[in-house]
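User: Could you zoom in on a single part of this one and then work outward from there? I'd like one connected account, with the cut-offs spelled out as you go.

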Amino acid sequence: MGAEAMIAFDFEYYAPLSIEESITIYHKAQKQKKKVMYYGGGTEFITFAKSNKMVADVVIDVKKIPECTVFELVEGELHIGAALTLTELAESNLFPLLAKTVKGIADHTSRNKITIGGNLNSQLIYREGILPFLLLDAKMLVASSEGKEVLPVQHIAEKGLPNDQLLVHLQVQQTDLQSPFKVIKRTRFSKVGYPVVTVAAIVKNQVIRFAISGVCSYPFRSTAMEDVLNDRDKAIEDRLVAVCKLLPEPIVHDLHASSAYREFVLKNILKDVIESLEGHIKND
């Protein structure tokens, strides 16, 4: 029976205690031609299921899997479990850039439920939680019937994970965790809401790296754009004009903002970020 009274369909609910058990449940249900879904905080599933925009026959809750709730330093890497909530990450000082980024996602009540894995695999275009991981070339541990493998986080930036893969945890180098950074989010009407544009940036190897959400249909980091934005021989205004020609796809135009307005906001944020972080770069 469905766990939520307002969801109009029934589904089977499982809370496995291990990765292996979750994979077994998934593939047993798949063989029975059932639609299976991994479940973290459940906010997106419940919201979309109530409006019949998402359905599932089997839901596998991963919050009781120890590897999915890890949050610790391991041999020079910070391991961040996919089932950790945004609130848990926002209140930690282990990864300040991630904490600052996720504090801007949704309201406090929702952050208590939304998991970082759920945010990275959201059906929404924003997925702001991935920005810090893109900036630092993070890796992720995923599991499936084929076993476990470590992949670059860029692997899921555009489309998320395939349904049969479980995101276990993310891995970031400890040496990058305290680097200078800046996060700016602009919404249309209030501080809480979907971003018109969000930019996260960090200084690494004497250049500013930029990751962007809200501008295109998926969050991204572009080294070609970074080359232009870090060209200190050119005026900032010239860099901003040039960089908008290098976006990976046309700027989104929707009910939240027109493409022209998004471009205007993007240029202003990038200018603020450059002016804020260039001082952390040593002159030759």
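Analyst: Let's start at Ile19, which is buried at a relative accessible area of 2%. "Buried" here means under 20% relative accessible area, "exposed" means over 50%, and "partly exposed" is what falls in between, using a 1.4 Å probe and protein chains only. One caveat before going on: this is a predicted model, numbered from 1 along each chain as its sequence is written, and local features need a pLDDT of at least 70. Side-chain atom pairs count only at pLDDT 80 or more, while totals for chains, interfaces and linings use all residues, and side-chain values use heavy atoms, with hydrogens and water left out.

Ile19 belongs to helix 1, which covers residues 19-31. Helices (H or I, at least four residues) and strands (E, at least two) are DSSP runs, numbered from the N terminus. What does Ile19 touch once residues up to four places away in sequence are set aside? Its contacts (heavy atoms within 4.5 Å) are Ile65, Glu67, Ala143, Lys148, Leu166 and Val168. For a sense of scale, Ile116 sits 97 residues from Ile19 in sequence, and their C-alpha atoms are 18 Å apart in space.

Two of those contacts, Leu166 and Val168, take us to strand 8, residues 166-173. Here 7 of the 8 residues are buried, so strand 8 is largely enclosed by the rest of the structure. Who are its partners? Strands count as paired if DSSP finds at least two bridges between them. Strand 8 runs antiparallel to strand 5, with 5 bridges joining them, and another 5 bridges link strand 8 to strand 6 (residues 139-144), again antiparallel. Leu170 is a handy landmark in strand 8: Ile80 stands opposite it, and Met140 has Leu170 as its bridge partner too. Ala143, another of the Ile19 contacts, falls within the residue range of strand 6.

From strand 5 (residues 77-81) you can carry on to strand 4 (residues 71-74), its antiparallel partner through 4 bridges. Leu73 is matched with Leu78 of strand 5 in this pairing. The hairpin they form has 2 residues between the strands, and there Glu75 takes a positive phi near 50°.

Glu75 has company in that respect. Lys33, in the loop between helix 1 and strand 2 (36-39), has a phi near 65°, also positive in a residue other than glycine. Arg127 has a positive phi of about 45° without being a glycine, and its place is the loop between helix 6 (116-120) and helix 7 (131-135). Their surroundings are opposite, though: Lys33 is exposed at 75% relative accessible area, while Arg127 is buried at 5%.

Helix 4 (residues 96-103) is another mostly covered piece, with 6 of its 8 residues buried. The buried ones are Pro96, Leu97, Leu98, Ala99, Thr101 and Val102.

What about the cysteines? A disulfide would be a pair of cysteine sulfur atoms within 2.5 Å, and the count by that rule is 0. Take Cys244: the closest cysteine sulfur to its own is in Cys216, 10 Å away, which is too far for a bond. Cys244 is buried at 16% relative accessibility, and Cys68 is buried at 0%.

Now step back to the whole protein. It has 10 helices and 11 strands. Its radius of gyration is 20 Å, close to the 19 Å from the globule rule for 284 residues, so the protein is as compact as a globular protein of that length. That radius is taken over C-alpha atoms, and the rule is 2.2 Å times the number of residues to the power 0.38. Along the principal axes, the C-alpha atoms fill a box of roughly 60 × 45 × 30 Å. Buried residues make up 51% of the 284. Of the contacts with a separation of 6 or more, 59% come from residues 24 or more positions apart. About 14000 Å² is exposed, with carbon and sulfur atoms supplying 50% of it; such areas come from the Shrake-Rupley method with a 1.4 Å probe, and for residues only the protein chains shown count as cover.

Finally, confidence. pLDDT, the predictor's confidence in each residue from 0 to 100, averages 92 here, and 94% of the residues score at least 70. Residues 1-5 fall below 50, and that stretch has 8 contacts in the model beyond near neighbours in sequence.
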